[in-house]
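Student: I have a model open and would like to talk it through with you. Could we go through it together, question by question?

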Amino acid sequence: MVIEQIKMPQLGESVTEGTISKWLVSVGDKVNKYDPLAEVMTDKVNAEIPSSFSGVIKELIAEEGDTLAVGEQICTIALEGGTTEEGPEASVAASPSTPASAPENVEQTEQGNKARYSPAVLKISQEHGIDLTRVSGTGAGGRITRKDLLKLIESGNIPEAGQNVEAINEPAVIKAPKQEAPQVAQPTAPAQAVNIPVAVGDIEIPVTGIRKAIAANMLRSKHEAPHAWTMIEVDATNLVEYRNSIKDEFKKKEGFNLTFFAFFVKAVAQALKEFPQINSMWAGDKIIQKKDINISIAVATDDALYVPVIKQADEKTIKGIAREISELAVKVRTGKLRSEDMQGGTFTVNNTGSFGSVQSMGIINYPQAAILQVESIVKRPVVMNNGMIAVRDIVNLCMSLDHRVLDGLVCGRFLQRVKEILENTSKSTTSIY
């Protein structure tokens, strides 16, 4: 019969691996082309893998929970109407005279799996001096995954020469060489979750796949990107008056809300066009300055945080941005967000002010170079240029930046430009269409 392979697809820009969170089919199931086969989780998105063929599921190579690199085989499908391809080689393979060689083949396969390191694994190992030959992974066939290395880094137990580390689902433990067995090193990592005492009335909440992905991406960002932080204060009085004067008419005419956030996203997109250095990413031996200005926005649900993208935000009107914010939020909350909706972001704007926050430090959305937190607009007494005190609508803009890519000078000028745009937003100077 004709057997075809289904491989781990590329589910996002800079995504190098994915985890099978749930199989939607079993061996022997008949599937049609484009039918979903499995749910896959990456550090950016949860998505379904569709079948590329019509046929019968022959083998599920990866198990639920396995993390595989992009391009690795996850299952096989026997095609409908396929012809039998079993010949002399198949007969030899099934012959009783060949079992003796099977263990060697299995060992070679396992070693091959371990030796195939993803680009992310290689990069992290080089940056932290990890000897990959002394790490045993939790991936398929013992393959080392990025999450295995992040656990080692978090624990502080990075293996040195002569040590062997077993990467498991808990913080890694260093095993001393056999000849020094009496001096086995004890883990110095923070207390494992299983060691936390659970009292009567405590609630244990299992960590979901998406929560694990969020945690891994945030950990990677904090480990790899040296975060710096800066804040600027903006007088948004004119903006508030303008938006409040037209919001009801806008909602009646357009069918969706004109939020303050749309004005901030537009101002950021305009400033990014003038300061393209901010719209960059760290690539190890070079910095990639992105041509497109694609703004990632954070949308929260009760148990997860998603970061969909407004593409070419600098080319959109305030109305167009407001529409996309509304549509993306609906997709997130109804479970209809697609993987392509979360790809290509170059800079993130987070509306922390919606929770009443007035100052916060965001974690950069890796591999982007910066994130801007838009805080709550609050009324404050302000000393004006004429010496008089007036009540004004003030908002703080808090920016976290990757200091490998950006310095304080360019970030300060960028924030000053955003401030200038916002403070000069009014009915006489700004059109929403």
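Student: Which strand holds M231?

Tutor: Bear in mind that this is a predicted model. M231 contributes to a nonpolar surface patch of about 280 Å², together with W229 and M361. With a relative accessible area of 33%, M231 is partly exposed. Its place in the fold is strand β12, residues 227-235.

Student: How many helices and strands does the protein have?

Tutor: Let's set the scene with the whole chain. Of its 433 residues, 42% count as buried, and the exposed surface is about 22800 Å², with carbon and sulfur atoms supplying 52% of that area. The secondary structure comprises nine helices and 22 strands.

Student: In the open sheet β5-β4-β2-β7, which strands stand at the edges?

Tutor: The sheet has four strands in that order, and the pairing is antiparallel. An edge strand has a single partner, so one of its sides is left without a neighbour in the sheet. That description fits β5 (46-50) and β7 (67-69).

Student: And which residue in β5 is the bridge partner of E39?

Tutor: Start with the strands β4 (residues 36-41) and β5, which pair in the antiparallel sense over five bridges. Across this sheet, neighbouring strands are turned by 40 degrees against each other on average, direction ignored. The partner of E39 in β5 is E48.

Student: There is also an open sheet in the order β1-β8-β6-β3. Which residue in β8 stands opposite E59?

Tutor: This sheet has four strands with antiparallel pairing. Its edges are β1 (3-7) and β3 (30-31), each with a single partner strand. Strands β6 (residues 55-60) and β8 (residues 73-79) pair over five bridges. Opposite E59, in β8, stands T76.

Student: How many of the 10 residues of helix α4 are buried?

Tutor: Helix α4 covers residues 146-155 and is mostly covered. Its buried residues include the charged R146, K147 and D148, as well as L149, L150 and I153. After the helix comes G156, with a positive phi near 85 degrees. The number of buried residues in α4 is eight.

Student: How far apart in space are S357 and E375, C-alpha to C-alpha?

Tutor: S357 sits in the loop between β19 (347-350) and β20 (370-374). Leaving aside neighbours within four places in sequence, S357 is in contact with T352, E375 and S376. S357 and E375 are 18 residues apart in sequence, and their C-alpha distance is 5.6 Å.

Student: Is D314, the salt-bridge partner of K273, buried or exposed?

Tutor: The closest N and O atoms of K273 and D314 are 3.8 Å apart. K273 lies in helix α7 (residues 260-274) and D314 in the loop between β18 (309-310) and α8 (318-333), so the pair ties together parts that are 41 residues apart in sequence. K273 counts as exposed at 56% relative accessibility. D314 has 18%, and because the cut-off for buried is under 20%, D314 counts as buried.

Student: What is the relative accessible area of D393?

Tutor: D393 forms a salt bridge with K379, the closest N and O atoms being 3.0 Å apart. K379 lies in strand β21 (residues 378-383) and D393 in strand β22 (residues 389-402), so this pair links parts that are 14 residues apart in sequence. K379 is exposed, with a relative accessible area of 62%. D393 is buried, and its value is 8%.

Key. Residues are numbered from 1 along each chain as its sequence is written. This is a predicted model: local features need pLDDT of at least 70, side-chain atom pairs count only at pLDDT 80 or more; totals for chains, interfaces and linings use all residues. Side-chain values use heavy atoms; hydrogens and water are left out. Patches are made of residues with over 30% relative accessible area and no salt bridge: like charges are joined within 9 Å, nonpolar side chains (Val, Leu, Ile, Met, Phe, Trp, Tyr) within 5 Å. Accessible areas come from the Shrake-Rupley method with a 1.4 Å probe; for residues, only the protein chains shown count as cover. A salt bridge is a side-chain nitrogen of Lys or Arg within 4 Å of a carboxyl oxygen of Asp or Glu. Helices (H or I, at least four residues) and strands (E, at least two) are DSSP runs, numbered from the N terminus. Buried means under 20% relative accessible area, exposed over 50%, partly exposed in between (1.4 Å probe, protein chains only). Two strands pair if DSSP finds at least two bridges between them. Axes are lines fitted to C-alpha atoms, for helices over the stretch in contact, and angles run from 0 to 180 degrees between N-to-C directions. Contact means heavy atoms within 4.5 Å.
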